[in-house]
Amino acid sequence: FASSLRGGFPNRGRRSALLAAAMPAYPGSEREWASALAQRSEAYRRAVLARSANVAAGDRFYRDLTVYQWRLEALEARLADASEAAADAEAAELAEAEATSPTERRRLRSLDGSLRAIEGQCRGAVAALEERAAHYALGLTGSTGQMETLASSAADKERAMERYRELAEETYSEIQSEAREILEVPSGPGGLRSLCATLERRRDFWRGQFEETWSAWQQATCQMHGAGDEALNAWRAFQTLCGQRPQQQQQLTTEQSETLQGVAVASACILAVDLWEAVGLSGLGGASAEAAEGAEADAASSSRFSPESRLKALRPLPALLRKAGALAQLGDWLLAEAASRPGAACAASPGPLGTCRALLAEALGAALVGPARRGDAQRACVLLQFCTDLGGATLADEVRELRNHSSGQTPIQLALSCGNAGMAKLLQDWPNHEALDLQGDETGRGGGGDAKAKAAGLAGAGGEWKVGERRSHIAFKWCHTGVLGGLL
């Protein structure tokens, strides 16, 4: 399964049409172009989410298959020993060669053989897992037992491997306890034959479980590949559309609010995938091209879908927002996206933050301008807490100290210039500010609500996401602006 993660681009080795120097303009208005961008970005995100779900399912099925295989091998060993003991007992009973029955000794000898075989199987299983871990990716599971990300660092790989060692220890401990059943069966060959029948039924059960899970694993793997193809196709469509903006030479203005929203939503969707969907992105555009295409084709395929290349393709959209003075919308949409995720999922996946850190800091810094000017303490706290969850205190500090593109002032300076000394102190002292009265809604115009809880950790900020059922928070809110209508 790990090797199947490394599927590359379809038609690898060919120059993509996306690299063409001249692209025809989108046959519609700026507003329609922005609407199409939001659609393409959401299609891309849905495909990556589907792939992520199937990667996680495949990891879970692989773990189950491993346990079932261990159990089957142990049952085969136990059944062989028990059958041999039963045959010996029958032979001794027929021959009546001994005055006292050696059945007890035979059962102890059978148990000893089974335990030695099980211990050897356990050592072999762990060694096989360690060998596999040296060549293939391992998943890291969260508190729910579901795969959350792939192990990247040496420490993460060791943590993932330790999970499998614990699984082997737990499974084989149960198997060894079950093996001692041979001491509890009635004496004589009848009891041993009854045990053999029980072991055969268990073997049939676990074999059925193995075959059923094998089928589910194959289906998840097939769906993972299909979702990967959809994600790559959606990305290519999005990338092409980015270069087809009508009226290329004209700058967007604040009057084009629906167009700016579409650009901000599309940018946020793409960034959200890189920030939080490392599992779904793993292996896409990877290095598994056919041998005939060579290493150069591998490198070209991977570079077309690396974090750096995705950020490079995305950059023109934030640039449009920046020139129009609307980059804050990107920060706001990212905050809305984080609010729709479970609390633990607000932290970025390992790795991608470094690629887009500067853009994130600029967008979130722009989003902090409004609260700084209005004196909206609640919104500022929520945003800074999001920065902390996303990239640690260093990102929050970077956002607090970033100079605004249009005014040249930091959020603290903007708060002071607008007469909001309390806000300036909050920003200056974050996160060690004194307790503030944060009651009121997000615009600071009164209202109440769980504001302090939100400021502390985005509590109650969004709904629960369920794979296969959840709707994108961004797409849902975007639909309700009336720009896309029923298109998404």
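Is Ala 137 buried, partly exposed or exposed? Select this residue to begin the tour. With a relative accessibility of 32%, Ala 137 counts as partly exposed, because buried means under 20% relative accessible area, exposed means over 50%, and partly exposed lies in between (1.4 Å probe, protein chains only). Ala 137 sits in the loop between helix H2 (103–133) and strand E1 (139–141). Helices (H or I, at least four residues) and strands (E, at least two) are DSSP runs, numbered from the N terminus. Now add Leu 150: its C-alpha atom is 6.6 Å from that of Ala 137, although the two are 13 residues apart along the chain.

The model is a predicted one, in which local features need pLDDT of at least 70, side-chain atom pairs count only at pLDDT 80 or more, and totals for chains, interfaces and linings use all residues. Residues are numbered from 1 along each chain as its sequence is written, and side-chain values use heavy atoms, with hydrogens and water left out.

**The whole chain**

Zoom out to the protein chain, which has 16 helices and two strands. Of its 488 residues, 48% are buried.

**Helix H3**

Select Met 161, in helix H3 (residues 154–179). Met 161 counts as buried because its relative accessibility is 4%. Setting aside neighbours within four places in sequence, Met 161 is in contact (heavy atoms within 4.5 Å) with Val 126, Leu 129, Glu 130, Ala 133 and Leu 138. Arg 132 is 29 residues away from Met 161 along the chain, and their C-alpha atoms are separated by 10.0 Å.

**Helices H5, H8 and H9**

Two packed helices are described by the angle between their axes and the distance between the axes. Axes are lines fitted to C-alpha atoms, for helices over the stretch in contact, and angles run from 0 to 180 degrees between N-to-C directions.

Select helix H5 (residues 257–276) with H8; their axes come within 11 Å and cross at roughly 170°. H5 is therefore roughly antiparallel to H8. Angles under 35 degrees count as roughly parallel, over 145 as roughly antiparallel, 65 to 115 as roughly perpendicular and the rest as oblique. Show Ser 267, Ile 270, Leu 271 and Asp 274 of H5 beside Pro 307, Arg 310 and Leu 314 of H8, since these residues make the contact.

Next, keep helix H8 (residues 307–314) and add helix H9 (residues 316–323): they pack at an angle of about 40°, with axes 5 Å apart. This makes H8 oblique to H9. Here Lys 312, Ala 313 and Leu 314 in H8 meet Pro 316, Leu 317 and Pro 318 in H9.

Which residues of H9 are buried? They are Leu 317, Pro 318, Leu 320 and Leu 321. Looking down the axis of H9, one finds its buried residues within an arc of 150°, so they line one face of the helix. The arc is that of the directions from the helix axis to the C-beta atoms. Just after H9, Gly 325 has a positive phi of about 70°.

**The nonpolar cores**

A nonpolar core is a set of buried Ala, Val, Leu, Ile, Met, Phe, Trp, Tyr and Cys residues joined through side-chain atoms within 4.5 Å. The largest has 75 residues, and those with the most contacts inside it are Tyr 44, Phe 238, Leu 317 and Leu 330. Select Phe 238: beyond neighbours within four places in sequence, its contacts include Leu 37, Ala 266, Ile 270, Leu 314 and Leu 317.

**Last stop**

Finally, select Trp 430 and Pro 431, which are joined by a cis peptide bond with omega about 0°. Pro 431 lies in the loop between helix H14 (421–429) and helix H15 (451–457).
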